[in-house]
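Work through the exercises below with the model open. Try each task before you read its solution.

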Amino acid sequence: MKKQSNKNTTHTPDFVFGKKNYIVMAIGFAIIALGFILMVGGGSDDPNVFNPDIYSFRRIRLAPTIVLIGFGIEVYAILLNPNKKKK
């Protein structure tokens, strides 16, 4: 036998992540995008001319570090429990 459902009850969707998770994810995505933006450039218009700017501190050390920090924030956002109450 099938159960009759009450038409007056509204079903609210259950989301995996809460609002806090999405905020932290957006921050992580912004930091990752910033890292990739910092990696841009350093090329040369003439293929016969070498531009040593490609090996600058910003492109070799800073930008990849910022991208990794952004990925760490994304992992934190996924593992964050939005239902946890503060004491």
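**Exercise 1. A buried arginine**

Task: Find which backbone oxygen lies 3.4 Å from a polar atom of the Arg59 side chain. Then place Arg59 in its helix and look for its nearest side chain of opposite charge.

Solution:
1. The backbone oxygen belongs to Val40. This is a predicted model.
2. Arg59 sits in helix H2.
3. Arg59 is buried, yet it has no salt bridge.
4. The nearest side chain of opposite charge is Asp53, 5.2 Å away. A salt bridge needs a side-chain nitrogen of Lys or Arg within 4 Å of a carboxyl oxygen of Asp or Glu, so a pair at 5.2 Å does not qualify.
5. Now list the contacts, leaving out residues up to four places away in sequence. Arg59 touches Leu38, Met39, Val40, Gly41, Gly42, Asp53, Ile54 and Pro64.

**Exercise 2. Asn21 and its oxygen partners**

Task: Decide whether Asn21 is buried or exposed. Then find which backbone oxygens its side chain reaches at 2.6 Å and at 2.9 Å.

Solution:
1. Asn21 is found in helix H1, which spans 19–39.
2. Its relative accessibility is 0%. Buried means under 20%, so Asn21 counts as buried.
3. At 2.6 Å, the side chain of Asn21 reaches the backbone oxygen of Ala77.
4. At 2.9 Å, the Asn21 side chain reaches the backbone oxygen of Leu80.
5. Beyond four places in sequence, Asn21 touches Ala77, Ile78, Leu80 and Pro82.

**Exercise 3. The Leu80 end of the contact**

Task: Locate Leu80 relative to helix H2. State whether Leu80 is buried or exposed, and name its contacts outside four places in sequence.

Solution:
1. Leu80 lies in the segment after helix H2, which covers 57–79.
2. The relative accessible area of Leu80 is 13%. That is under the 20% limit, so Leu80 is buried.
3. Its contacts outside four places in sequence are Lys20, Asn21 and Val24.
4. Add a distance check with Pro13, 67 residues from Leu80 along the chain. The C-alpha atoms of Leu80 and Pro13 are 20 Å apart.

**Exercise 4. A nonpolar patch**

Task: Name the residues that make a nonpolar surface patch of about 450 Å². Is Phe50 buried or exposed?

Solution:
1. The patch is made by Phe50, Ile54, Tyr55 and Ile60.
2. Phe50 belongs to the loop between helices H1 and H2.
3. Its relative accessibility is 58%. Exposed means over 50%, so Phe50 counts as exposed.
4. Ile54 links back to the first exercise: this patch residue is also among the contacts of Arg59.

Notes: Residues numbered from 1 in each chain as written. Predicted model: local features only at pLDDT ≥ 70, side-chain atom pairs only at ≥ 80, totals over all residues. Heavy atoms only, no water. Helix = DSSP H or I, 4+ residues; strand = E, 2+ residues; numbered from the N terminus. Buried < 20%, exposed > 50% of the residue type's maximum accessible area, 1.4 Å probe, protein only. Contact = heavy atoms within 4.5 Å. Patch = residues over 30% accessible without salt bridge, like charges linked within 9 Å, V, L, I, M, F, W, Y side chains within 5 Å. Areas by Shrake-Rupley, 256 points an atom, 1.4 Å probe, with all protein chains shown as cover. Lys, Arg positive; Asp, Glu negative; His and termini not counted. Polar contact = N/O pair within 3.5 Å; in protein donor to acceptor, adjacent residues only side chain to side chain.
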